[in-house]
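Please describe how this chain is put together. Start with a single residue and work outward to the whole fold.

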Amino acid sequence: MIIENSPQDLLIKRLSKTWNDKKVPQSWIITSPDGFGKNIIIDKIIKNITGHNLSESHPDHIKIENVNEDGKVEKIKIDAIRKLTAHLKLTSIKGRRIAIIRGAQDLTTNAANALLKTLEEPPKDAMIILITNSIGRLPATIISRCAIERCPAPTQEEQLKRQPEESKSEDWKKALILSSYNPGIAKTLIENKGIDLYQEIIKTIGRSKPFERKGIHKLSTNLAKNWELTKILIPNLIYRSRINIEEEAVEGERRVTDLLLQHAQEEGLHQAWDIIRKIIQDTDQSYLDQNYACQRLLLAIEFTIKQTKQKQAQ
């Protein structure tokens with residue numbers, strides 16, 4: 001559900017009006033992180049300007065995507081782009097042919113080159129819409145030939161109303177708070193028990209001696225078993241310490257974030273953020289031991305606090 005006059009609703013109204021004008025650019029990139037609802041937004045805009053949903057079969061519409069029949073992500077190959085281009089060259093029944101490419105970041109090099117030729121000389125009365133969660137993965141040549149719209153995040157009310165009843169749980173609300181209301185990240189946290197792991201992080205760091213070696217070893221072992229979650233949760237802890245949170249994601253979080261901000265201060269937390277992102281990047285790129293990486297992440301927080309305290313004492 002999209003709330004009246006929310007940022008997403010205003011975008012739908014603006015683009016519905018804009019796209020009805022055939023003098024506007026014929027090629028567009030719609031981008032946002034996963035879970036923001038960009039497909040919902042596009043479907044509503046297309047319905048507004050054509051009277052038909054994309055889910056309905058219509059001779060003026062063609063849609064290709066990076067997900068196969070089994071629901072698995074795959075590359076979009078050149079044959080799909082050739083089919084799309086041929087479709088756009090046909091005479092439109094109602095004045096405009098529309099092509100949607102979902103998951104455009106997964107175009108193969110050959111497919112991207114073929115699409116570029118179509119973008120350079122688009123067929124008359126055709127509109128091409130590329131939907132992506134990572135505009136940076138698109139070739140610069142394609143980006144330069146498209147108008148770009150970034151979908152705003154759904155409001156808290158919109159996000160809660162979009163979830164099925166079974167998702168409207170206390171854990172879901174915690175996940176939304178922890179993810180700064182990024183629904184894609186919230187979904188990942190729910191599906192992988194990320195709230196439980198974050199609670200363990202908070203409990204460990206909230207102890208009187210949080211960085212004793214026994215505690216670090218136990219927590220780092222659990223973090224290593226859930227490396228993808230760890231890459232979300234540890235940076236999020238630093239981020240939430242910096243912004244002076246208003247809502248707790250889990251019990252005891254405010255006490256820990258307040259302590260980190262008090263001891264490390266803004267400068268120390270900024271330094272910790274940079275160190276943590278570098279450790280994560282190096283571990284992924286060089287396939288380093290994740291257990292060792294998790295120990296380094298926790299020690300980075302400890303080191304930052306100690307270093308800031310020493311500066312303050314001088």
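Arginine 97 lies in strand β3. Helices (H or I, at least four residues) and strands (E, at least two) are DSSP runs, numbered from the N terminus. The model is predicted: local features need pLDDT of at least 70, side-chain atom pairs count only at pLDDT 80 or more, and totals for chains, interfaces and linings use all residues. Residues are numbered from 1 along each chain as its sequence is written, and side-chain values use heavy atoms, with hydrogens and water left out.

**Arginine 97 and its surroundings**

Is arginine 97 buried or exposed? Arginine 97 counts as buried, because its relative accessibility is 5%. Buried means under 20% relative accessible area, exposed over 50%, and partly exposed in between (1.4 Å probe, protein chains only). A polar atom of the arginine 97 side chain lies 2.9 Å from the backbone oxygen of leucine 90. Leucine 90 is also among the contacts of arginine 97, as are Pro59, Asp60, His87, Asp125 and Met127; neighbours within four places in sequence are left aside. Contact means heavy atoms within 4.5 Å.

**The β-α-β unit**

Strand β3 covers residues 97-102 and pairs with strand β2, residues 61-65. The sense is parallel, over five bridges. Two strands pair if DSSP finds at least two bridges between them. One bridge joins histidine 61 to isoleucine 98 in β3.

Helix α3, residues 78-88, joins β2 and β3 in a right-handed β-α-β unit. A crossover is right-handed if, with the strands pointing away from the viewer, the path from the first strand over the helix to the second runs clockwise.

Which residues of α3 are buried? They are Ile81, Leu84, Thr85, His87 and Leu88. These residues cover an arc of only 160 degrees around the axis, so they sit on the same side of α3. The arc is that of the directions from the helix axis to the C-beta atoms. On the other side of α3, Asp79, Arg82 and Lys83 are exposed. The cover over the buried residues of α3 includes β2, β3, α4 (109-120) and β4 (126-132).

**Two nonpolar cores**

In soluble globular proteins, nonpolar side chains tend to be buried together. A nonpolar core is a set of buried Ala, Val, Leu, Ile, Met, Phe, Trp, Tyr and Cys residues joined through side-chain atoms within 4.5 Å. The largest nonpolar core has 42 residues, and Tyr198, Ile201, Leu237 and Ile301 touch the most other members. Helices α7 (170-178), α8 (183-191), α9 (194-205), α10 (213-225), α11 (227-242), α12 and α13 (290-313) each supply at least two residues of this core. The largest share, eight residues, comes from α12. A second, separate core has 24 residues, including Ile101, Leu119, Ala126 and Ile142.

Leucine 237 touches Tyr198, Ile201, Ile202, Ile205, Val256, Thr257, Leu260 and Ile301, not counting residues up to four places away in sequence. In α7, the buried residues include Trp172, Ala175, Leu176, Ile177 and Leu178.

Isoleucine 280 is found in α12, residues 253-286. Isoleucine 280 is buried, with a relative accessible area of 5%. Neighbours within four places aside, isoleucine 280 is in contact with Trp227, Lys231, Pro235 and Leu297. The C-alpha atoms of isoleucine 280 and isoleucine 40 are separated by 33 Å, and the two residues are 240 apart along the chain.

**Positive phi angles**

Three residues with positive phi are listed here.

| Residue | Place | Phi |
|---|---|---|
| Serine 180 | after α7 | near 55 degrees |
| Asparagine 244 | loop between α11 and α12 | about 60 degrees |
| Tyrosine 287 | loop between α12 and α13 | about 55 degrees |

Asparagine 244 is not a glycine, and neither is tyrosine 287. Asparagine 244 is partly exposed, with a relative accessible area of 49%. Tyrosine 287 counts as exposed because its relative accessibility is 75%.

**The whole chain**

How many helices and strands does the chain have? The chain has 13 helices and five strands. Of its 314 residues, 47% are buried. The C-alpha atoms fill a box of roughly 75 × 40 × 40 Å, taken along the principal axes. Among contacts with a separation of 6 or more, 73% join residues 24 or more positions apart.

Technical notes: Polar contact = N/O pair within 3.5 Å; in protein donor to acceptor, adjacent residues only side chain to side chain.
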